Amino acid sequence: MTDQPRHLPVDALEDWTAAVCTRLGLDRSDVDAALILDLARDVAHGVARPAAPLSAFLAGLAAGRAGGSPTDAADAAATISELAAGWRTADDHG
């Protein structure tokens, strides 16, 4: 394993997303990849990198429990991004 980050070309990310949607029985049009990637970025920068995938999962869980619509997903992501923007760790309290 190398220390070099892996970056997927846009087409590969779309192919991966479509394959996962197919395997999980999800409608690809219900998946806003940009929304989730923006959420992950906000959390990675505002909280910590390991919190990004967990937060994406939690956004999906919350959206599903709220009804599962694209609006539910956007609302959950916005809530988490807002929390991340104001997040302060114990180290920040000096």
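Start by selecting R41: this arginine is partly exposed, with a relative accessible area of 41%. Keep in mind that you're looking at a predicted model. Now bring up the side chain of D38 as well. D38 and R41 form a salt bridge, and their closest N and O atoms sit 3.2 Å apart. Both residues belong to helix α2, and because they are 3 residues apart there, about one helical turn separates them. D38 is partly exposed too, at 36% relative accessible area.

Leave R41 on screen and add D42. Here is another salt bridge, between R41 and D42, with 3.0 Å between the closest N and O atoms. D42 has a relative accessible area of 24%, which puts it in the partly exposed class. With the three side chains displayed together, you have a network of salt bridges linking D38, R41 and D42.

**Next stop: E14 and R28**

How many salt bridges does the structure hold? The count is 3, and one of them joins E14 to R28, with the closest N and O atoms 2.7 Å apart. Colour helix α1 (residues 10-24) and you'll find E14 in it, while R28 lies in the loop between α1 and α2 (33-46), so this pair ties together parts that are 14 residues apart in sequence. Are these two buried, exposed or something in between? E14 counts as partly exposed, at 35% relative accessibility. R28 is partly exposed as well, with 25%.

**Zoom out for the fold**

Switch to a cartoon view for a moment. The chain has 4 helices and 0 strands, and from the N terminus the elements run α-α-α-α. Of the 94 residues in the chain, 16% are buried. Among contacts with a separation of 6 or more, 41% are between residues 24 or more positions apart. Turn on the surface and you're looking at about 7200 Å² of exposed area, with 59% of it supplied by carbon and sulfur atoms.

**On to helix α3**

Select residues 51-66, which make up helix α3. Its 16 residues should span 22 Å at 1.5 Å a residue, and the end C-alpha atoms are indeed 22 Å apart. Now pick out A51, A52, S55, A59 and A63, which are buried. Why do they line up on the same side of α3? They cover an arc of only 105° around the axis, which places them on that one side. Show the neighbouring helices too: α2 and α4 are part of what covers these buried residues.

Spin α3 around to the face turned away from its buried side. There you'll meet the exposed residues P53, F57 and R65. Stay with F57, whose relative accessible area is 53%, so it counts as exposed. Add L54, L58 and L61 to the selection: with F57 they form a nonpolar patch on the surface, with about 370 Å² of accessible area together.

Before leaving this helix, click on G67. This glycine comes just after α3 and takes a positive phi of about 140°.

**Last stop: helix α4**

Select residues 70-85 to get helix α4, which has 16 residues. From its first C-alpha to its last, α4 reaches 22 Å, close to the 22 Å expected at 1.5 Å a residue. Which of its residues are buried? Highlight D72, A76, A77, I80, S81 and A84. The arc they cover around the axis is only 165°, so they fall on the same side of α4. Bring α2 and α3 back into view, since those are the helices that the buried residues of α4 pack against.

Finally, rotate to the other side of α4. T71, T79, E82 and A85 are exposed there.

Definitions and conventions:
Residues numbered from 1 in each chain as written. Predicted model: local features only at pLDDT ≥ 70, side-chain atom pairs only at ≥ 80, totals over all residues. Heavy atoms only, no water. Salt bridge = Lys/Arg side-chain N within 4 Å of Asp/Glu carboxyl O. Helix = DSSP H or I, 4+ residues; strand = E, 2+ residues; numbered from the N terminus. Buried < 20%, exposed > 50% of the residue type's maximum accessible area, 1.4 Å probe, protein only. Patch = residues over 30% accessible without salt bridge, like charges linked within 9 Å, V, L, I, M, F, W, Y side chains within 5 Å. Areas by Shrake-Rupley, 256 points an atom, 1.4 Å probe, with all protein chains shown as cover. Expected span 1.5 Å × (residues − 1). Arc of directions from axis to C-beta. Contact = heavy atoms within 4.5 Å.
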